[in-house]
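Please look through the structure below slowly, keeping the sequence beside it, before reading the paragraphs that follow. They go from one part of the chain to another, and it helps to find each part in the picture as it is named.

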Amino acid sequence: MAQSKSSCQYVPSDIQKTDVSLIHGRQVSSIFDGKIRVVAVDNVDFDIQQGQITAIIGESGSGKSTLLKLIYGLLEPQSGEIRYKGWLVPTRKDKLIPGHDAMKLVSQGFDDLNLYAKVWDNIASQLPNTNLDHKKSRTEEMLQRLKIDHLAQQRVADLSGGERQRVAIARALINEPEVLLMDEPFNQVDAAFRDDLQQDIRQIVDELGLTVILVSHDPAEVLAMADALIVMKQGKIVDLGSPESLYYTPRNPYTAILLAKSNVLTKNQALSIPIHTSEPIAIHQEWIDVVPDENGDFWIKNIRFRGFYKEYVIGNGTLSLHAIVNTPTPLPKNSPVKLHIKQHITFNN
């Protein structure tokens, strides 16, 4: 991978910190002043490890894309600091052309692509003409790595969204950045082809030691490919950890809803299950067994087809729960039932 220059080239007063992660953020805030003052990122701390895929997830407006731009140096934080390899990330005030030298950003709109040029030219144009043999071989390598060598002579304008995404990634990688940043990389990729692209990115990370940071509003997209998750809500980081740990032991109810579409209950609602607790709880849909019972306190209000499974909507007049049907033939709508809760998560406020 290319060697990054220290930020003392751009921030002469900076002193390198040697005891921090690859990308290290402390007390970072970003505020947009206008008719309405918006705190897009609110005093967050984070650490991103080298050679991993880190996904920043959250609903629209949670501050995900703003945090990505802060990491890249497109935006300057109002407070706090972000460091890369211990050096401050230079921002617009430090560089004529913003963006960290060791990083490449792939935007969700493919803004950098020349739509009316061929795929080959879009990628090869990122290399100088000082060594034409290297330029040719390197371009061929990127085309093959992203599995788009058969598209080399087609115009970008004639490609699908998923094919354009692969071109944009190849274009970003050809100069061997150390960090690849991607903003909603699967938005324009057909659902049937997302998994292939995700696994190709995973393979590139494993082969090259690349560090990837991506933004997604759909956690289901990144659960299988990410090594770490940063969960954002209203500008704050509410959870950090591996996908598996955050799925099974989230620290915040928002994370349980985001990752598992979990049922989150207050202590009073939990009593009707019955679960006695002094704190809110979450019950993932797959943790509820539904058993027919003529004397049951709940009934099936609705059945929703979800493809390879069905979902019960279960109610008792005051409470509605969602459960995954794990029987070959679901019970009929309006059937009285009782619930068996296999496990739950308790949140400590």
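Two strands are said to pair if DSSP finds at least two bridges between them. With that in mind, and remembering that this is a predicted model, we can begin with strand β7, residues 179–183, which is joined to β6 by 4 bridges, the two strands running parallel. Within this pair, V106 stands opposite M182 of β7.

Both strands belong to an open sheet of 6 strands, whose order is β6-β7-β8-β3-β9-β10 and whose pairing is mixed. At its edges are β6 (103–106) and β10 (236–241), each of which pairs on one side only. From one strand to the next, the twist averages 15°. A helix also meets this sheet: α8, residues 253–260, lies across β3 (53–57), β9 (228–233) and β10, and it runs at about 115° to β9.

Next we can turn to two helices, and to how far their residues are covered. Helix α1 spans residues 64–72, and because 7 of these 9 residues are buried, the helix is largely enclosed by the rest of the structure. The buried residues of α1 are K64, T66, L67, L68, L70, I71 and Y72. After α1 comes G73, which has a positive phi, near 95°.

In helix α2, made of residues 119–124, we find N122. Is N122 buried or exposed? Its relative accessible area is 2%, and since buried means under 20%, N122 counts as buried. The side chain of N122 reaches the backbone oxygen of A117 at 3.5 Å. If residues up to four places away in sequence are left out of the count, N122 touches L113, N114, A117, V156, V167 and R171.

Another set of strands is found further along the chain, and here β15 is a good place to start. Strand β15 covers residues 310–315, and 5 of its 6 residues are buried, so this strand is largely enclosed by the rest of the structure. Which strands pair with β15? One of them is β14, residues 298–305, which is joined to β15 by 6 bridges and runs antiparallel to it. In this pairing, I300 has I314 of β15 as its bridge partner. The strands β14 and β15 form a hairpin with 4 residues between them, and in the turn G307 has a positive phi of about 90°.

Strand β16, residues 320–324, also pairs with β15 in the antiparallel sense, over 5 bridges. Here E311 has I324 of β16 as its bridge partner. The hairpin of β15 and β16 likewise has 4 residues between the strands, and G317 takes a positive phi near 100° in it.

From β16 we can move to L265, a residue of strand β11, which is made of residues 263–265. With a relative accessibility of 2%, L265 counts as buried. Not counting residues up to four places away in sequence, L265 touches A270, I273, P280, I281, L319 and L321. As for I324, it is 59 residues apart from L265 along the chain, and the C-alpha atoms of the two are separated by 17 Å.

Finally, some places in the backbone deserve a closer look. Most residues other than glycine have a negative phi, and most peptide bonds are trans. Against that background, the peptide bond from I273 to P274 can be picked out, for it is cis, with omega near 5°. P274 has its place in the loop between α9 (267–270) and β12 (281–283).

Two residues other than glycine can be picked out by their phi. Q27, in strand β1 (residues 23–32), has a positive phi near 50°. Q27 is exposed, because its relative accessible area of 52% is over the 50% that marks an exposed residue. K147, in the loop between α3 (132–145) and α4 (161–173), has a positive phi near 60°. How accessible is K147? Its relative accessibility is 47%, so K147 counts as partly exposed.

Notes:
Residues are numbered from 1 along each chain as its sequence is written. This is a predicted model: local features need pLDDT of at least 70, side-chain atom pairs count only at pLDDT 80 or more; totals for chains, interfaces and linings use all residues. Side-chain values use heavy atoms; hydrogens and water are left out. Buried means under 20% relative accessible area, exposed over 50%, partly exposed in between (1.4 Å probe, protein chains only). A polar contact is a pair of N or O atoms within 3.5 Å; within protein, one must be able to donate a hydrogen and the other to accept it, and residues adjacent in sequence count only if both atoms are side-chain atoms. Contact means heavy atoms within 4.5 Å. Axes are lines fitted to C-alpha atoms, for helices over the stretch in contact, and angles run from 0 to 180 degrees between N-to-C directions.
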